[in-house]
Amino acid sequence: TLEFEITSLKKIQTILKKEKNPNLYEIIPYIEGTTSAPVMLTLINNLQALFNQREQSLNDMAVNNLKIKAIDKQIKNQTSLLIEYIDNSLAVFNDRKKEHQKKIEEYENKIFNENTYHEIEYSRLNRIYSINEGFYHQLI
């Protein structure tokens, strides 16, 4: 699931950084199923409300109007807030991934340690020998 989270967040991050006015409905499918979905959906809903407000204001006013500029600034701030949240989430998920990989390596080292591996192999062979010995005595 960490890989899924990281991949989804990277895709959203690319869309947000690449496009000035991203299609927010394109981002929603990438959010579904992630642990950060509730927070990100709230941020995206706020951003969509600002886009809608901007579009309504553009119908009544010129592009250079102060209200439009203020909304543009809010959109920029909301987008940068969303990107910052994604960056922080990616950092956390990458750290978790590294921790999990370290634990996996640690357990593999414990399991496949030279002495431990030989002990495990000896006990397996000993069980097979005792089973075969039991069958041999039953045949006699």
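Helix H1 (2-18) and helix H3 (37-60) are among the elements that cover the buried residues of H4. Those buried residues are Ile 68, Ile 71, Ile 75, Gln 78, Thr 79, Leu 82, Ile 83, Ile 86, Ser 89, Leu 90 and Phe 93. An α-helix has 3.6 residues a turn, so residues three or four places apart point the same way.

The model is predicted. The protein chain has an average pLDDT of 88, and 98% of the residues score at least 70. Confidence is highest in H4, at a mean of 91. Helix H5 (residues 114-139) has the lowest confidence, at a mean of 85. Where pLDDT is low, the predicted coordinates should not be read in detail.

**Helix lengths**

Helix H4 covers residues 66-111. How far apart are its end C-alpha atoms? They are 67 Å apart, and at 1.5 Å a residue its 46 residues should span 68 Å, so the two values agree. The table sets H4 beside H1 and H3.

| Helix | Residues in helix | Expected span | End C-alpha distance |
|---|---|---|---|
| H1 | 17 residues | 24 Å | 24 Å |
| H3 | 24 residues | 34 Å | 35 Å |
| H4 | 46 residues | 68 Å | 67 Å |

Expected span and end distance agree for H1. They agree for H3 too.

At the start of H4 there is a close approach to the backbone. A side-chain oxygen of Asn 65 comes to within 2.8 Å of the backbone nitrogen of Lys 67.

**How H1 and H3 pack**

H1 has its own set of buried residues. They are Leu 2, Glu 5, Ile 6, Ser 8, Leu 9, Ile 12, Gln 13, Ile 15 and Leu 16. What do they pack against? Their partners are H2, H3 and H4.

In H3, the buried residues are Ala 37, Met 40, Leu 43, Ile 44, Leu 47, Gln 48, Leu 50, Phe 51, Arg 54 and Ser 57. These pack against H1, H2 and H4.

**Residues between H2 and H3**

Leu 24 sits in helix H2. Is Leu 24 buried or exposed? Its relative accessible area is 2%, under the 20% cut-off, so Leu 24 is buried. Leu 24 touches Ile 44, Leu 47, Gln 48 and Phe 51, leaving aside residues up to four places away in sequence. Those four are listed among the buried residues of H3.

Gln 48 belongs to helix H3. With a relative accessible area of 17%, Gln 48 is buried. Leaving aside residues up to four places away in sequence, Gln 48 touches Leu 24 and Tyr 25.

Leu 41 also lies in helix H3. Leu 41 is partly exposed, at a relative accessible area of 24%. Its contacts are Ile 28, Ile 31 and Glu 32, not counting residues up to four places away in sequence.

Ser 36 is in the loop between helix H2 (24-31) and H3. Ser 36 is buried, and its relative accessible area is 4%. Which residues does Ser 36 touch? Beyond residues up to four places away in sequence, Ser 36 touches Glu 5, Leu 9 and Tyr 85. Glu 5 and Leu 9 are buried residues of H1.

**The loop before H4**

Met 61 lies in the loop between H3 and H4. Met 61 is partly exposed, with a relative accessible area of 25%. The C-alpha atoms of Met 61 and Glu 19 are separated by 24 Å, and the two residues are 42 residues apart along the chain.

**Distances to the far part of the chain**

Two more pairs give C-alpha distances. Leu 24 and Glu 133 are 109 residues apart in sequence and 70 Å apart in space. Leu 41 and Asn 126 are 85 residues apart in sequence and 59 Å apart in space. Glu 133 and Asn 126 both fall within helix H5 (residues 114-139).

**The largest pocket**

The largest pocket has a volume of about 220 Å³. Which residues line the largest pocket? They are Lys 20, Asn 21, Arg 54, Asp 72, Ile 75, Lys 76 and Thr 79. H4 gives the largest share of this lining, four residues. Ile 75 and Thr 79 are also buried residues of H4. Arg 54 is a buried residue of H3.

How values were computed:
Residues are numbered from 1 along each chain as its sequence is written. This is a predicted model: local features need pLDDT of at least 70, side-chain atom pairs count only at pLDDT 80 or more; totals for chains, interfaces and linings use all residues. Side-chain values use heavy atoms; hydrogens and water are left out. Helices (H or I, at least four residues) and strands (E, at least two) are DSSP runs, numbered from the N terminus. The expected span of a helix is 1.5 Å times one less than its number of residues. Buried means under 20% relative accessible area, exposed over 50%, partly exposed in between (1.4 Å probe, protein chains only). Contact means heavy atoms within 4.5 Å. A polar contact is a pair of N or O atoms within 3.5 Å; within protein, one must be able to donate a hydrogen and the other to accept it, and residues adjacent in sequence count only if both atoms are side-chain atoms. pLDDT is the predictor's confidence in each residue, from 0 to 100. On a 1 Å grid over the protein atoms alone, a cavity is a set of points where a 1.4 Å probe fits but cannot get out, and a pocket is an open set with protein on both sides within 12 Å along at least five of seven lines; lining residues have an atom within 4 Å of a point. Grid points are joined across faces, edges and corners, and a volume is the space filled by probe spheres set on the points.
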